[in-house]
Amino acid sequence: MENKIKLLTEHMEMEAVIITDPMNVFYFTGMYSDPHERLLALIVNKDGSTSLVYPALDDEAVRGTAKVDTFLPHKDGEDAFKEVFKALEGATTVGVEGDHFTFNRYKRLLEVCDGKDIVSVQETVNALRGVKDESDKEKLQEAVDITEKALHTLYDMKIEGMTEQQVSDHLVETFKSLGAVGPSFGPIVLAGKNAAKPHGDTGDTVIKNGDFLLIDFGIVTKDNYVSDMTRTFIIGEADEEQKAIYESVLKANLAGIEATKVGTKFSDVDKASRDSIEADGYGEFFTHRIGHGLGHDLHESPSVDSNNHDIIGTGNVITIEPGIYKAGVAGVRIEDALYVEEDGAYVFNKFPKKLDDMKLK
């Protein structure tokens with residue numbers, strides 16, 4: 001935690017930073033807590049000293065886990081910002097998370113700072129969280145392993161005749177039994193024509209022979225790491241058009257993985273997958289970016305899209321998830337998570353993805 005604070009202070013051009021996003025507080029202190037409507041705020045001063053303002057009702061849990069210098073609990077009904085002002089130690093230039101710090105809290109800061117001296121540090125925090133180390137890699141692998149073990153159980157089941165929701169419920173029950181705290185999202189389970197909706201809603205559609213079955217989901221571990229993967233199964237045998245669409249997505253997935261190297265632009269990874277699908281004539285049916293960062297949250301920095309010309313660095317964790325969504329015909333997405341190393345991309349996912357291996361009963 002000390003190293004993360006040190007990296008933050010090295011990027012600070014202001015006297016203090018206020019962190020209020022609970023997952024960012026966790027990232028810098030090791031303590032996760034949902035304060036609900038109450039104030040949770042980590043104050044980091046330029047000298048590296050840290051203070052945590054938090055609801056007093058969480059005092060025991062906070063003191064047992066948070067790695068900070070000063071604990072500043074506040075009771076219900078008290079003005080929590082008095083503790084914030086105390087922690088700022090007279091600082092007049094302050095950084096906040098532009099995507100999270102609320103307008104009403106901004107107005108309170110105006111009591112001690114001029115508006116021009118309150119700036120966003122969102123990009124800095126996002127960039128810090130976008131670089132992982134070997135410990136993060138190990139814990140993300142644990143999340144992926146649980147996810148894949150749950151998905152493997154579908155091979156032993158009679159899926160035809162079940163509903164999308166029943167498959168989703170089965171996956172949740174299974175991954176919780178394997179140690180997951182809960183889902184990071186979904187599971188999204190889409191059968192037949194529903195699979196052509198990139199983020200469709202899991203429902204009561206009955207799964208039939210000849211259907212593609214698109215399953216996109218992830219889990220949260222006890223250490224607050226998440227997974228995110230997608231596989232598209234076929235119930236029975238695929239027809240010729242289904243085979244063509246599936247093979248195009250698989251090629252694009254492999255092209256994106258191959259392109260993921262230190263020194264490459266994120267936009268070039270997106271281009272590698274997109275060019276592959278366009279060469280097969282399905283370009284108009286690939287309607288989203290190729291991937292995103294992954295870690296403690298489902299969507300983290302960096303974004304892997306055509307407009308992100310930043311350079312891939314060691315420790316970036318990204319997803320590669322091309323898809324083809326042809327309304328009324330078929331939908332396929334294949335998603336893996338990658339950890340970028342000096343000599344290439346380490347792929348967390350070991351789950352099969354060749355069409356012949358994706359058949360369910």
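## A charge over a ring

Let's start with one contact: Arg-274 lies over the face of Phe-286, 4.1 Å from the centre of the ring. A similar arrangement involves Lys-4, whose charged end sits over the ring of Tyr-27 at 4.2 Å from its centre. Please keep in mind as you look around that this is a predicted model.

## Rings that pair with rings

Aromatic rings also meet one another here. Searching the whole structure turns up 11 aromatic pairs. One of them joins Tyr-155 and Phe-233, with 6.0 Å from centre to centre and 75 degrees between the planes. That angle is over 60 degrees, so the pair counts as edge-to-face.

Where do Tyr-155 and Phe-233 lie? Tyr-155 is in the loop between α7 (134–152) and α8 (164–177), while Phe-233 belongs to strand β9 (residues 229–235). The pair therefore ties together parts that are 78 residues apart in sequence.

## A second partner for Tyr-155

Tyr-155 also pairs with Phe-351: their ring centres are 6.0 Å apart and their planes meet at 15 degrees, so this pair is stacked. Phe-351 sits in the loop between β16 (344–347) and β17 (359–360), so its pairing with Tyr-155 links parts 196 residues apart in sequence.

Together, Tyr-155, Phe-233 and Phe-351 form one aromatic cluster.

## Buried or exposed?

How do the members of this cluster stand towards the surface? Phe-233 is buried, with a relative accessible area of 0%, and Phe-351 is buried too, at 3%. Tyr-155 is partly exposed, with a relative accessible area of 22%.

Definitions and conventions:
Residues numbered from 1 in each chain as written. Predicted model: local features only at pLDDT ≥ 70, side-chain atom pairs only at ≥ 80, totals over all residues. Heavy atoms only, no water. Phe/Tyr/Trp six-rings, centres within 6.5 Å; stacked < 30°, edge-to-face > 60°. Helix = DSSP H or I, 4+ residues; strand = E, 2+ residues; numbered from the N terminus. Buried < 20%, exposed > 50% of the residue type's maximum accessible area, 1.4 Å probe, protein only. Lys NZ or Arg CZ within 6 Å of the ring centre and 35° of its normal.
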